[in-house]
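Q: I have this model open at my desk and would love a close look at one part of it. Could you walk me through the surroundings of a single helix residue and the neighbours it shares with other parts?

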Amino acid sequence: MLPSVQNDVAQDFKAAFRRYPTGVAVISAAGPVGLTASSVASVSADPPALSYSVMGSPSARAILEAPSFVVNLLGPGSVALARAFAGPGGPRFTPDQGWELLPTGEPVLTTALASLRCTPLDLVPVGTSTVVIAQVHDVLLGDATGHLVYHDRAYIETHQQ
């Protein structure tokens with residue numbers, strides 16, 4: 001486990017990343033269970049792999065224990081969905097959220113820009129978080145309608161012309 005840092009460095013670290021916009025995803029697994037993440041990154045194209053990090057919420061623990069999961073990359077029109085999966089007790093997997101089960105059992109969000117079905121390759125504990133490195137097995141491409149980013153604690157939508 002890494003040693004703790006001084007409080008002012010931790011606060012400055014958080015402030016620095018609030019200035020850095022990121023994409024928004026909902027990670028889902030059988031149950032169904034899901035959570036919003038803004039830490040998804042491409043790791044490798046050959047073989048296809050990605051990474052993300054989660055903290056110790058009940059949803060995160062369930063996803064960390066799942067043999068497979070889906071990373072749903074969100075686009076414009078998905079702010080309510082991102083918010084619902086972001087906090088504890090939010091409505092998840094309701095009929096109006098547009099989801100279905102894949103033949104392999106994971107829930108997929110049908111309005112996502114892309115959904116990537118993955119299996120974990122490695123789980124790396126770092127402080128209060130776990131970094132997940134995962135192999136991508138299937139990619140479902142939705143409509144490329146624009147972007148949804150998270151910046152300075154706010155969701156920002158852009159639409160393609």
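A: Happy to. A helix here is a DSSP run of H or I that is at least four residues long, while a strand is a run of E of at least two, and both are numbered from the N terminus. Please keep in mind that this is a predicted model.

Let's begin with Ile63, which sits in helix α2, residues 58-65. Ile63 counts as buried because its relative accessibility is 2%, and the cut-off for buried is under 20%. Leaving out residues up to four places away in sequence, Ile63 touches Ile27, Ala29, Val33, Gly34, Leu35, Tyr52 and Phe69. Take Ala29 from that list: 34 residues separate Ile63 and Ala29 in sequence, yet their C-alpha atoms are 5.9 Å apart in space.

Two other names on the list, Tyr52 and Phe69, are touched by Ile63 and also deserve a look of their own. The whole structure holds six aromatic pairs. In one of them, the ring centres of Tyr52 and Phe69 are 5.5 Å apart and the planes meet at 85 degrees, so this pair is edge-to-face. Tyr52 belongs to strand β5 (residues 48-54) and Phe69 to strand β6 (residues 69-73), so the pair ties together parts that are 17 residues apart in sequence. Are these two rings buried or exposed? Tyr52 has 2% relative accessibility and therefore counts as buried; Phe69, at 1%, counts as buried too.

Phe69 leads us on to Ser28, since Phe69 is among the residues that Ser28 touches. Ser28 is placed in strand β2, which covers residues 25-29. Its relative accessibility is 0%, so Ser28 counts as buried. Again setting aside residues up to four places away in sequence, the contacts of Ser28 are Val33, Gly34, Phe69, Val70, Asn72, Phe93 and Pro107. With Asn72 there is something further to see: the side chains of Ser28 and Asn72 are joined by a polar contact of 3.2 Å.

Now put the two contact lists side by side. Val33, Gly34 and Phe69 appear among the contacts of Ile63, and Val33, Gly34 and Phe69 also appear among those of Ser28. If you are turning the model on screen, Phe69 is a handy place to centre the view: Phe69 is touched by Ile63, is touched by Ser28, and pairs edge-to-face with Tyr52.

How values were computed. Residues are numbered from 1 along each chain as its sequence is written. This is a predicted model: local features need pLDDT of at least 70, side-chain atom pairs count only at pLDDT 80 or more; totals for chains, interfaces and linings use all residues. Side-chain values use heavy atoms; hydrogens and water are left out. Buried means under 20% relative accessible area, exposed over 50%, partly exposed in between (1.4 Å probe, protein chains only). A polar contact is a pair of N or O atoms within 3.5 Å; within protein, one must be able to donate a hydrogen and the other to accept it, and residues adjacent in sequence count only if both atoms are side-chain atoms. Contact means heavy atoms within 4.5 Å. Rings of Phe, Tyr and Trp (its six-membered ring) pair if their centres lie within 6.5 Å; planes under 30 degrees apart count as stacked, over 60 as edge-to-face and the rest as tilted.
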